[in-house]
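Hi everyone, and thanks for coming. I'd like to walk you through one protein chain today, so please have a look at it with me.

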Amino acid sequence: MADTITKEVGRNMTETAEGTIKCSLNSETGQSIAGLTDKIGGVRGLAHVLAAECGDLHRDSLDREWRKETAEMGKKSVRNLLNELSESGFSWRDIARMVHVSVPAIRKWRRGGAASGDSRRKLAGLLAACNLITNHYMVDEIASWFEMPLPGTPITPIDLYAAERTDLVFDYASSQNDPEQLMNEFDPQWRERYRSEFDVVTASDGNFSIVKKEL
């Protein structure tokens, strides 16, 4: 149903755009210009509808693929899951944080200790997410990418994943959303929460210096 709606909206938008293009931009009458403005406004509105619809579909598709990949990764042993995550560059501390367990629990599993089914699923889910991001968005050195703060914030994809916002991790990897919009969805108060009283500037000797912002 969603796919049908998207195709219909896209068809209507295309038809409207074609009609707009055919309008003469050199018309000298105010009435023609007003009509052209209305048509362009209509196309703009349809574009917003289509963008929102496609955004929802994209998230839903990624979520379905992630769950399917998680089930596939869940066939691996806990030790193998940990080994693959470690080989990707993740620290035991970051793995533990993202799957909501302690570092000692990770160490126990590495030595062959039993893990609950839920913990195994979470490890499989993290590896599945890494695979999807690497394959779809060509991210090199996935662990380092997870550690990289979003522009203008101290928040990293590790923080987003630990907060169970895998959808935002995928959005950030896809570059579909502006980082500020993504942060607005994650934490509407982020600007106040992470506002700094200091700026990093280049001093006269060419070195970086931290100075207090002027109020």
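Let's start at the surface: how much area does the protein chain expose, and what share of it do carbon and sulfur atoms supply? The chain exposes about 13700 Å², and carbon and sulfur atoms supply 51% of that area. Please keep in mind that this is a predicted model.

Now for the overall layout. The protein chain has 11 helices and 2 strands. If you read from the N terminus on, the helices come one after another, and the two strands follow at the end of the order. Of the 215 residues in the chain, 29% are buried. Among contacts with a separation of 6 or more, 55% are between residues 24 or more positions apart.

Let's go inside. In general, nonpolar side chains tend to be buried together in soluble globular proteins. Here, the largest nonpolar core has 42 residues. Which of its members touch the most other members? They are F90, L123, I133, W145 and F146. Helix α6 gives this core its largest share, 9 residues.

Take F146 as an example. Setting aside residues up to four places away in sequence, F146 touches F90, M98, C130, I133, T156, P157, I158, Y161 and V169. Two of the names there, F90 and I133, you have just heard in the list of core residues that touch the most other members.

Next, helix α5, which covers residues 103-110. Its buried residues are A105, I106 and W109. Seen down the axis of α5, these residues fall within an arc of 100°, so they line one face of the helix. And what do they pack against? The answer is α3 (78-87), α4 (92-99) and α6 (117-137). Just after α5 comes G112, with a positive phi of about 105°.

Another glycine to find on your screen is G74, in the loop between α2 (30-73) and α3. Is G74 buried or exposed? It is in between: its relative accessibility is 24%, so G74 counts as partly exposed. In sequence, G74 and R121 are 47 residues apart, yet their C-alpha atoms are 6.0 Å apart in space. Leaving out neighbours within four places in sequence, G74 is in contact with R120 and A124.

Let's finish with charged pairs. How many salt bridges does the structure hold? There are 15, and I've picked a few.

One of them joins the side chains of E84 and K76, at 3.0 Å from N to O. Both partners are partly exposed: E84 has a relative accessible area of 28%, and K76 has 26%.

In another, E185 pairs with R165, and the closest N and O atoms are 3.1 Å apart. E185 lies in helix α10 (residues 179-186) and R165 in the loop between α8 (157-162) and α9 (166-174), so the pair ties together parts that are 20 residues apart in sequence. E185 is partly exposed at 35% relative accessibility, and R165 is partly exposed at 22%. Both also belong to a network of salt bridges that links R59, R165, D167, D171 and E185.

The last pair is D187 and R193, with 2.6 Å between the closest N and O atoms. Here the partners sit in opposite classes: D187 counts as buried at 11% relative accessibility, whereas R193 counts as exposed at 52%.

That's my tour, thanks for listening!

Conventions. Residues numbered from 1 in each chain as written. Predicted model: local features only at pLDDT ≥ 70, side-chain atom pairs only at ≥ 80, totals over all residues. Heavy atoms only, no water. Buried < 20%, exposed > 50% of the residue type's maximum accessible area, 1.4 Å probe, protein only. Helix = DSSP H or I, 4+ residues; strand = E, 2+ residues; numbered from the N terminus. Arc of directions from axis to C-beta. Contact = heavy atoms within 4.5 Å. Core = buried A, V, L, I, M, F, W, Y, C linked by side-chain atoms within 4.5 Å. Areas by Shrake-Rupley, 256 points an atom, 1.4 Å probe, with all protein chains shown as cover. Salt bridge = Lys/Arg side-chain N within 4 Å of Asp/Glu carboxyl O.
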